[in-house]
Amino acid sequence: MSETTSTPQVGAAGMVSDRDPTDAPVMIHLDGVEKVYTPGAAPAVEKLTLDVHKGEILVLVGPSGCGKSTTLRLINRMIEPTAGRIIFDDEDVTDIDANELRRRIGYVIQRIGLFPHQTIAENIGTVPRLLGWDAERTRKRSDELLDLVGLEPGIYRDRYPKELSGGQAQRVGVARALAADPPVMLMDEPFGAVDPITRDRLQNEFLRLQAEVQKTIVFVTHDIDEAVKMGDRIAILRERSVVAQLDTPARILSYPVDDFVDDFIGSGSTLKGLHFERVSGLQIPEYPVVRRDTPREEAGRILDMSDFRWLLMLDERGRPARWLNETHLADTSRPLHEVGPVVRAMVERNATLHDALEAMITSSAGQAVIVHRDGTYVGVVQIELLTEVIGRMRREARKHYEELEATQAAEQRAAGA
Amino acid sequence: MDGVRSLIGFIADNTSGILERTIEHATIVLGVMLVATVFSVVLGIAVQNRGLAKQVSLGTAGVLLTIPSLALFAIFIPLVGIGNRPAQIALFLYAILPILRNTVAGLDAVDPAIVEAAQGMGMGQFQQLVRVRIPLAWPVIIAGVRVSTQLITGVAAIAVLVGGGGLGAYIQRGLTSLGNPFSIERVWTGTLFIILLALVLDAVLGAIGRRTTSPGIR
């Protein structure tokens with residue numbers, strides 16, 4: 001893994017996570033869970049064994065009809081399994097009272113399903129009331145959650161669902177699911193019913209929320225981009241919910257294990273993979289830099305001796321000002337600090353490689369300058385550096401899978417012996 | 001104009017009698033409506049999800065409504081004698097269909113996503129019914145009760161023909177003594193006060209409906 005700063009950065013491009021989600025204890029263990037609707041016919045979900053770790057967002061993603069929603073609903077037994085066990089926080093919940101189980105799990109669905117005949121506050125207070133909380137505690141909690149999802153309690157608590165927009169309604173849906181502070185949330189295409197702009201906002205806000213509340217979440221979507229953005233780990237599912245690949249988004253994008261996964265991710269997987277590395281992790285080579293007062297001849301010599309086509313001129317405060325190439329240096333009619341394209345493509349050290357690439361494309365020099373927060377120069381990043389990183393990510397991912405296969409083969413031999 | 005003046009005169013001269021008959025009529029109607037509402041709503045809840053039972057109940061209630069009123073009233077005389085009893089039983093059978101139909105329709109119309117959310121939160125079947133499905137179906141159910149009440153108020157005029165009470169007495173006496181003084185006025189009086197009673201009951205039920213319906217679904 002590259003060296004990255006320790007605080008995860010949330011950006012519109014996605015969450016860069018630095019810890020391994022599988023280090024945390026297992027919160028939900030599905031053990032050979034199966035759903036057969038018609039005996040004799042193929043199962044809707046085929047003997048699925050899956051672990052969801054505490055505090056992670058596990059995304060179930062796959063083509064329509066693969067059974068991902070069914071799998072989700074097996075966890076809270078909205079659909080009862082026909083085989084297998086469900087272990088929830090070390091407790092076998094396959095046979096307990098289903099209603100009692102569901103009060104411990106938050107459930108957010110695409111169509112939201114707010115109760116139109118109740119106020120927002122009453123909607124949020126549903127599970128607390130089911131659990132017997134008193135009115136005062138329920139009211140306080142309701143206000144707390146409205147705040148958490150960005151809705152002013154004073155304005156919204158006594159409104160009715162019909163007065164809300166789609167985005168607001170889904171926020172209430174999330175608040176309602178969090179009301180009794182369940183350790184686990186199940187979300188079935190929760191942001192599917194709103195427009196793309198609102199969806200993007202809701203996703204970002206939800207990621208911020210998750211950084212605070214750190215629930216264990218199983219999230220279903222058919223959209224691979226949403227999966228990559230939201231998931232700490234992604235399970236790409238085939239028909240009958242057979243797991244094609246289950247891993248962090250970075251590894252899946254670097255190394256799709258087969259054609260199915262590759263096709264499902266679609267084109268642009270390499271680009272998407274760039275969200276997961278940061279500029280600060282790059283080994284930046286020396287770059288030819290001059291200042292305003294550098295004499296023209298010396299500037300020319302510096303450029304000649306380097307491998308690069310463009311010289312970077314810094315201003316008096318050490319901030320990137322202009323790019324200069326041979327032609328600019330040869331133009332003696334004007335001083336150096338007035339020729340050459342102005343540097344606009346700049347990224348900070350904690351930006352992702354995706355941000356860096358985007359900046360590079362807009363630059364006249366085809367390069368992006370790395371700067372500190374105050375704008376002062378750090379280094380320059382070229383496309384070749386990105387290519388190197390991508391290559392390294394692929395090699396690391398392949399090595400990971402080869403090691404995994406070797407371990408599994410060894411285990412099988414040991415079991416057979 | 002003469003007719004109207006003599007009608008007003010008749011009403012003025014017979015206020016206590018008219019009031020008594022009106023109260024009698026209202027009592028029959030309200031008594032029947034109370035039992036019919038409870039019965040039909042409970043039946044509606046019970047059969048809403050059961051295809052065959054639903055068809056059978058709705059079908060039967062519909063057929064009952066097609067039986068000519070006087071015949072239906074008279075059928076029960078051998079069982080319960082004459083007076084208000086046979087009338088009430090027949091009225092009860094008539095009252096079922098609008099309420100039953102609306103109860104079933106109202107429950108059917110509840111958005112499945114809402115019920116799924118309720119179940120997903122850990123509400124049991126009974127709680128879902130009482131806290132979510134009935135409150136949401138309520139406006140439609142009330143509408144059914146109102147229709148039924150109007151229907152019953154009108155048909156209850158026939159109660160007198162099987163020995164019962166109510167405003168039908170004026171109509172009957174008027175019709176059987178046509179040509180005699182005040183016969184027309186009697187018919188009009190009975191009709192008018194049945195209509196007024198129906199309007200009042202509907203207004204009251206409407207107000208009750210509004211009060212008991214959440215502002216979120218009005």
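Student: How many residues of chain A are in contact with chain B, and how many on the other side?
Tutor: In this predicted model, 21 residues of chain A are in contact with 17 residues of chain B.

Student: Which elements of chain A give two or more residues to that side?
Tutor: Those are helix H2 (98-102), strand S8 (105-109) and helix H4 (126-130) of chain A.

Student: And how do the chain A residues there divide into nonpolar, polar and charged?
Tutor: There are 10 nonpolar, six polar and five charged residues on the side of chain A that touches chain B.

Student: OK, S8 came up. What's the strand order in its sheet?
Tutor: S8-S9-S10-S5-S11-S12 in chain A, an open sheet of six strands with mixed pairing.

Student: Why is one side of S8 and of S12 left without a neighbour in the sheet?
Tutor: S8 and S12 (243-247) of chain A are at the edges and each has a single partner strand, so one side of each has no neighbour in the sheet.

Student: What does the twist average?
Tutor: 15 degrees from one strand to the next.

Student: Switching to S5(A): which residues sit on each face, and are they buried or exposed?
Tutor: A:Ile57, A:Val59 and A:Val61 are on one side, A:Leu58 and A:Leu60 on the other, and all are buried.

Student: How many bridges join S5(A) to S10(A), and do they run parallel or antiparallel?
Tutor: Five bridges, and the two strands run parallel. Within that pair, A:Val59 stands opposite A:Phe219.

Student: What about S5(A) and S11(A)?
Tutor: They pair in the parallel sense too, over four bridges, with A:Val59 opposite A:Ile234.

Student: And S11(A) with S12(A), parallel or antiparallel?
Tutor: Antiparallel, over four bridges; A:Ile236 has A:Gln245 as its bridge partner in S12(A).

Note on methods: Residues numbered from 1 in each chain as written. Chains lettered and ligands numbered in written order. Predicted model: local features only at pLDDT ≥ 70, side-chain atom pairs only at ≥ 80, totals over all residues. Buried ≥ 20, exposed ≤ 12 C-beta atoms within 10 Å, placed from the backbone. Pairing = 2+ DSSP bridges. Contact = placed C-beta atoms within 7 Å. Nonpolar A, V, L, I, M, F, W, Y, C, P; charged D, E, K, R; others polar. Axes fitted to C-alpha atoms, helices over the stretch in contact; angles between N-to-C directions.
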